[in-house]
Amino acid sequence: MKMSILKRVLVGGLLLTISAVSAYGQGKFAVGINGLYGTQIKSFAVGAKVQYDITSHFRAEDAFNYFFKKDGVSMWENNVNVHYLFYLGEKFRIYPLAGFTIVGTKIDTKSAVPAELQQYIGDAGKSSGSKTYFGGNVGAGIEYLITPHLAVGVEGKYSIVKDVDQAVFGLGVTYKF
C-alpha cells in the first residue's frame with residue numbers, strides 16, 4: 001500500500017510530537033486510541049492521538065483518524081485541537097474543544113460498482129481521485145479516569161470543512177504518562 005507524501009508528513013509529525021512531548025516532561029502527556037464514526041462518509045474509523053497538558057485546565061491534542069472505505073470512498077483526517085477541562089470530582093472531566101483539521105478524501109469509482117457489473121464498465125470505471133481540505137472543529141467530550149494513568153472517554157465534534165462537513169463521534173482509551 002502506497003502512502004502519499006502528505007500522509008507520510010502527517011504520520012511523521014505525529015511521531016515527532018510524541019517524541020518531543022515525551023522528552024519534555026513526565027506527567028504532562030498522554031497517548032491513546034479511538035474508535036469513531038463519521039456522519040458524512042457514513043463509515044467507521046480508527047484513530048491515534050497524543051495529548052499534552054499545557055496547564056491544569058488547557059490541553060492540546062493531535063489526532064489522526066482513518067475512515068474505512070465505503071462505497072468506493074475513503075477518508076482520513078488530522079486534527080489539532082485544544083480542550084478546556086472542567087473537573088467533576090476526582091474521576092470525571094468534561095471539556096469543550098476547538099481546533100483545526102486537514103481532511104483527505106479518495107474515491108475509487110471501480111470499487112463502488114458491484115463486482116458482477118464491473119465487466120460492463122470497462123476502462124470508464126477505472127478512475128480514481130483524491131482531494132485535501134482544511135477546516136475547523138468544535139465539539140465536546142467527557143473522560144473517566146479508571147486509574148491515575150488510564151482513562152476512557154467519549155467525544156463528539158463537528159468538522160466544518162467545505163464539501164465534507166461531518167459530525168464525528170468517538171470512544172477512546174488514553175494512557176497518561
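**Exercise 1.** Find which residues glutamine 166 is in contact with, leaving aside its neighbours within four places in sequence.

*Solution.* Start with the rule: contact means heavy atoms within 4.5 Å. Glutamine 166 then touches Gly38, Thr39, Gln40, Ile41, Phe67, Met75, Glu77, Lys157, Tyr158 and Ser159. The model is predicted: local features need pLDDT of at least 70, side-chain atom pairs count only at pLDDT 80 or more, and totals for chains, interfaces and linings use all residues. Residues are numbered from 1 along each chain as its sequence is written, and side-chain values use heavy atoms, with hydrogens and water left out.

**Exercise 2.** Place glutamine 166 in the fold, then decide: is glutamine 166 buried or exposed?

*Solution.* First, find the element. Glutamine 166 lies in strand β9, residues 166–176. Strands are DSSP runs of E, at least two residues, numbered from the N terminus. Next, check the cover. Glutamine 166 has a relative accessible area of 1%, so it counts as buried (under 20%; exposed is over 50%, partly exposed in between; 1.4 Å probe, protein chains only). Last, look at its side chain. It reaches the backbone nitrogen of threonine 39 at 3.3 Å.

**Exercise 3.** List the residues of the largest nonpolar core, then follow valine 164 outward.

*Solution.* A nonpolar core is a set of buried Ala, Val, Leu, Ile, Met, Phe, Trp, Tyr and Cys residues joined through side-chain atoms within 4.5 Å. The largest has ten: Leu36, Ile41, Ala45, Phe67, Met75, Val103, Tyr133, Val161, Val164 and Val168. Now take valine 164. Not counting residues up to four places away in sequence, valine 164 touches Gln40, Met75, Val103, Thr105 and Tyr133.

Terms used
Helices (H or I, at least four residues) and strands (E, at least two) are DSSP runs, numbered from the N terminus. A polar contact is a pair of N or O atoms within 3.5 Å; within protein, one must be able to donate a hydrogen and the other to accept it, and residues adjacent in sequence count only if both atoms are side-chain atoms.
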